[in-house]
Amino acid sequence: MKKYSILILSIAVLLVSACKSGGSYKNANPKTSMDSVSYAVGLQIASQLRQNGLDSTINPELLARAIYDVMNSKKQLFGGDTIAAVLMKQFNPQAYQQAEFNKKKEKDFFAKNGTAADVKTTSSGLQYQIISTGTGQKPTESNTVKVHYKGMLLDSTVFDSSIDRKEPAIFPLANLIQGWKEGILLMPVGSKFKFFVPSKLAYGMQGIPQAGIGPNEPLIFEVELISIEPDAPQMNPMEMQQEMH
């Protein structure tokens, strides 16, 4: 892995040098085995870029800067959902339009939902409604919890439900999306809450397409905290690769 990182960094240096030299890269030829490896890796990267619809209009200097910033732990110009948004706009404009639509839908929903007398809003933007309050202790982030839950889109479409499976789910809190983690930490054992989770506290710009969760999709969860089970194994009924709810 370290050797491969050095190769990528070498490519970045070559790109920057090419930009600054006004295109002298056109006459560059391999002189060492590492030069040949660098050129070979560069060919693979360029082929992948072309396969994804990019051409010579790509800015090699910024490409090189991005590689350099990551390899040297420098502050990046942007990251996270901004990366996903930029790439989605370029390579999947239809999904990008859906993401923009969902963002506006989310803004309108939370503005209205937050005015309800029984809905509370945290500093992160999570909104929750207390259905019933239990008498048990509240979990900590190091705990594993047993819950019954139902996950829905804003239109009430159910995308996941332990209730329908008739089997509670067991999750380490450390593995949960931020909206779930923050919400469950507010719940004494035996409580039932409804979480209204902004996309930034859920699956963000990426969404979970295989579960029907689109980009920038806000989510609603009805959750019953059954017990705290510090030594229980994780149960992952949806087998999501990203952080679980």
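Ser 156 sits in the loop that runs between β3 (144-152) and β4 (158-161), and its phi is near 75°, a positive value in a residue other than glycine. Keep in mind that this is a predicted model. The chain has seven helices and seven strands, and along the sequence they come in the order α-α-α-α-α-β-β-β-β-α-β-α-β-β.

**The chain as a whole**

- Of the 245 residues in the chain, 37% are buried.
- The chain exposes about 14700 Å², and carbon and sulfur atoms supply 53% of that area.
- Take the contacts between residues at least 6 apart in sequence: 72% of them join residues at least 24 apart.

**Helix α5, a helix with two sides**

- Helix α5 covers residues 93-113, which gives it 21 residues.
- From first C-alpha to last, α5 reaches 30 Å, close to the 30 Å expected at 1.5 Å a residue.
- The buried residues of α5 are Ala 95, Ala 99, Asn 102, Glu 106, Phe 110 and Asn 113. They sit on the same side of α5, because the arc they cover around the axis is only 70°.
- Turn to the other side of α5 and you find Gln 94, Gln 97, Phe 101, Lys 104, Lys 107, Ala 111 and Lys 112, which are exposed.
- What covers the buried residues of α5? The cover includes helix α4 (81-91) along with strands β1 (119-121), β2 (127-132) and β6 (192-197).

**A nonpolar patch on the surface**

- Leu 62, Leu 77, Phe 78, Ile 83, Val 86, Leu 87 and Phe 91 make up a nonpolar surface patch. Together they have about 640 Å² of accessible area.
- Helix α4 gives the most to this patch, with four residues.
- Phe 91 belongs to helix α4, and its relative accessibility of 38% makes it partly exposed.

**Another positive phi**

- Ser 73 is not a glycine either, yet it has a positive phi of about 55°.
- You'll find Ser 73 in the loop between α3 (60-71) and α4.
- Ser 73 is exposed, with a relative accessible area of 69%.

**Salt bridges**

- How many salt bridges does a search of the whole structure find? It finds seven.
- One of them pairs Glu 229 with Lys 146, with 3.3 Å between the closest N and O atoms. This pair links distant parts of the chain: Lys 146 is in strand β3, Glu 229 is in the segment after β7 (219-228), and their positions lie 83 residues apart in sequence.
- Lys 146 is partly exposed, at a relative accessible area of 24%.
- Lys 150 pairs with Glu 222, and here the closest N and O atoms are 4.0 Å apart. Lys 150 is in strand β3 and Glu 222 is in strand β7, so this salt bridge ties together parts that are 72 residues apart in sequence.
- Both partners are partly exposed: Lys 150 has a relative accessible area of 24%, and Glu 222 is at 25% relative accessibility.
- Asp 160 and Arg 165 form a salt bridge as well, their closest N and O atoms being 2.7 Å apart.
- Is Asp 160 buried or exposed? Asp 160 counts as buried because its relative accessibility is 5%, under the 20% cut-off. Its partner Arg 165 counts as partly exposed, at 34%.
- Shared partners also matter for the bookkeeping here: salt bridges join Lys 150, Lys 194 and Glu 222 into one network.

**Around Lys 192**

- Lys 192 lies in strand β6, one of the elements that cover the buried residues of α5.
- With 37% relative accessibility, Lys 192 counts as partly exposed.
- Leaving out residues up to four places away in sequence, Lys 192 touches Gln 129, Ile 130, Ile 131, Ser 132, Met 187, Val 223 and Glu 224.
- Which residue lies 58 residues from Lys 192 along the chain, with 7.7 Å between the C-alpha atoms? That residue is Gly 134.

Definitions and conventions. Residues are numbered from 1 along each chain as its sequence is written. This is a predicted model: local features need pLDDT of at least 70, side-chain atom pairs count only at pLDDT 80 or more; totals for chains, interfaces and linings use all residues. Side-chain values use heavy atoms; hydrogens and water are left out. Helices (H or I, at least four residues) and strands (E, at least two) are DSSP runs, numbered from the N terminus. The expected span of a helix is 1.5 Å times one less than its number of residues. Buried means under 20% relative accessible area, exposed over 50%, partly exposed in between (1.4 Å probe, protein chains only). The arc is that of the directions from the helix axis to the C-beta atoms. Contact means heavy atoms within 4.5 Å. Patches are made of residues with over 30% relative accessible area and no salt bridge: like charges are joined within 9 Å, nonpolar side chains (Val, Leu, Ile, Met, Phe, Trp, Tyr) within 5 Å. Accessible areas come from the Shrake-Rupley method with a 1.4 Å probe; for residues, only the protein chains shown count as cover. A salt bridge is a side-chain nitrogen of Lys or Arg within 4 Å of a carboxyl oxygen of Asp or Glu.
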